[in-house]
Amino acid sequence: MGYVFGKRILIAAVLLLCSVSLCAAEQRAKRLERHARLDANPVGYSDVRRDMEISFMDWLETMLTQVPAQAVAEPPPADIYKATTEEITPSSPEVSLTSLQNTVAATDSRTLAQPQVTCVSAGPIASGFQKPVDIPALYTSPTLEGEGVWTAEDLPSRTDGEPLVYKTVYRPSLDFPNSTVYMAVFDMRRLKPKFFVGQTEPGVYNISYKPEGEDLSKIVAITNAMWMQQHSRGAGAIYRGQVVYPMAPGMATLVIYEDDSVDILEWSDDIPIHAVKDARQLRHLIVKDGAVVEQVCKNGKIQEAEIGLGGFLVDNQGRSTMGNKFWYLANRTAFGVRSDGNLVFAMGHHVGTRDLAKALALAGCQRALHGDANIHNIVCNFYYRDQQNRITKRDKLSPEQLQYTVKRYDQGYAKDFFAFYEK
C-alpha cells in the first residue's frame, strides 16, 4: 500500500515538473517570437501548435538556428519602434493627415540590441558635410567589408576635396541574413536635385514636354524614381511646377521645393503648388517619425506594410515572386530624409519593405518612401569630373546593380528618375 502511494506521489511530482518546464519553454518561445518579429517579416512562428508532428524542442532548435550562432553583435542598446499608418489610394482621397493613427511600442529588452542613431545638425555651410553616425553591424560572421561605416572614399567630391556623398552597406534583417542594403546620403546644401519624367510616361504630354538639354558639367549622381504610373495606383507627380498627375492627399511624397531643398511627407492640399518644383508620390510612408511602419490600414483593414508589385515583382531571373512564401524578398529602392535635411537613397537586394525601412531608420531617416523595384530598375550612378568639369568616370552604388544601367539616364530614359547636380 505504501509502495503504491509513494509511486503515485513520484509520478505526480514528475508530471508537475514537466508541466512547469513546458510552461517555461512556452514563455521563452513567446519572447523569442517577439524578438524574431521585431521590425522584420513574419516567418510563420505562429504555426507551433498547428499539429503534433514536430516536437517543441525541434521547433525551438530550428527557430534558433535561423540566425548564425556567431552573428549577434553587441551594439549599444536603443529603442526600435513600430508604427501603423494608412495607405492612401484613389478610392479614399478624402483621408486627411489627422485621420492617420500611429501606434508606437518600445521593443522588449531581450531583443537584439540596435544602435541609437543621432542625426548631426547640418550647421553652417562653412563647417562642411558631416559624416553620419556609423551603425554597428548586426552580424559579425561572415563579415561584410565596411558594414555600417560611412565613407566618402572613392565618391564624387567638390573641387576643394570636400565630400558630397557618404555611403555604407548594411544587413538589417533578423530573419534573412543575406538581405543587403547599400545606402548613400547626399549633402543637400551643396546639391541641387531635379526630377525627370520618363519619355514614355503618358504624363509627358500633359506638360508639353521639351528636352531641356541638361548641362552635365555639374552632374554628381542619378537615381531611379518610383514605379511607372500604370503601377502606382493613382500616385501624383509635379514637374517644374506643373501637375503631371493629380496629387493624392495623404500619399507618401518626395518633394523638391523651389529653393532646391527636399522633404518626404504625406501630401496635404495645404502645401502650395507654387512652392514645389518637383514631386513624386507612391503608396504609404515606410518610415514615419523615425519608426519603421509595420502595418497599414487599407480599406478599413490592417495589413502588413510590405509593398508588392502584383505579378510584376520578379526575381533576378525575371520570374514572378508572388507564388513564393517570402514573395516580398526582392530588389528594391527607397528614399529617406534625415532631420538635417539630407536625403538618403537605399538600394536593397533580397530584402522586404520593412527591413529596407529599418536600414533607413538606422541611417537617421525620419521619414521614407519606397522607390522602384526589380533588378533592371534599381539605379544609383555616380559621376566623377576633372578640374574642367568633364566626366571622367562613372560608378554605381551597389556592386549588384546591373552594369549596363551605369549609362542608362545619360541621354534620357523611358522611366522617371532623379538627378543631383553640384550647386
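Me: Let's start with glutamate 266 and lysine 288: are they buried or exposed?

Reply: A residue counts as buried when its relative accessible area is under 20%. In this predicted model, glutamate 266 is buried, and lysine 288 is buried too.

Me: What do the side chains of glutamate 266 and lysine 288 form?

Reply: The general idea is to look for a side-chain nitrogen of Lys or Arg within 4 Å of a carboxyl oxygen of Asp or Glu. Here the two form a salt bridge, and their closest N and O atoms are 3.2 Å apart. As for where they sit, glutamate 266 belongs to strand β9 (residues 262–266) and lysine 288 to strand β11 (residues 285–288). The pair links distant parts of the chain, 22 residues apart.

Me: How many salt bridges turn up in the whole structure?

Reply: A search of the whole structure gives 17. Another one pairs arginine 354 with glutamate 306, again with the closest N and O atoms 3.2 Å apart. Arginine 354 is in helix α3 (residues 353–362), while glutamate 306 is in the loop between β13 (301–304) and β14 (330–338), so this bridge ties together parts that are 48 residues apart in sequence.

Me: Why does arginine 354 count as buried?

Reply: Go back to the cut-off: under 20% is buried. Arginine 354 counts as buried because its relative accessible area is 3%. Glutamate 306 has 10%, so that residue is buried as well.

Me: And what about aspartate 340 and arginine 338?

Reply: Their side chains meet in a salt bridge at 3.0 Å, N to O. Try the burial reading on them: aspartate 340 has a relative accessible area of 15% and is therefore buried, and arginine 338, at 5%, is buried too.

Me: Which residues do salt bridges with shared partners join into one network?

Reply: Follow the partners from bridge to bridge. Glu294, Glu304, Glu306 and Arg354 end up in one network.

Me: Now for empty space. How many cavities of 30 Å³ or more are there?

Reply: Searching the whole structure finds two. Take the second largest, which holds about 40 Å³ of space.

Me: Which residues line the second largest cavity?

Reply: The lining is made up of Pro193, Leu254, Ile256, Val262, Phe335, Leu343, Phe418 and Phe420. Strands β8 (252–257) and β19 (417–422) are the elements that give two or more residues to that lining.

Me: How does the lining of the second largest cavity sort by class?

Reply: Put each lining residue into a class and count. You get eight nonpolar residues, no polar ones and no charged ones.

Key
Residues numbered from 1 in each chain as written. Predicted model: local features only at pLDDT ≥ 70, side-chain atom pairs only at ≥ 80, totals over all residues. Heavy atoms only, no water. 1 Å grid on protein atoms, 1.4 Å probe; cavity = no way out; pocket = protein on both sides within 12 Å on 5 of 7 lines; lining within 4 Å. Points joined across faces, edges and corners; volume = space filled by probe spheres on them. Helix = DSSP H or I, 4+ residues; strand = E, 2+ residues; numbered from the N terminus. Nonpolar A, V, L, I, M, F, W, Y, C, P; charged D, E, K, R; others polar. Buried < 20%, exposed > 50% of the residue type's maximum accessible area, 1.4 Å probe, protein only.
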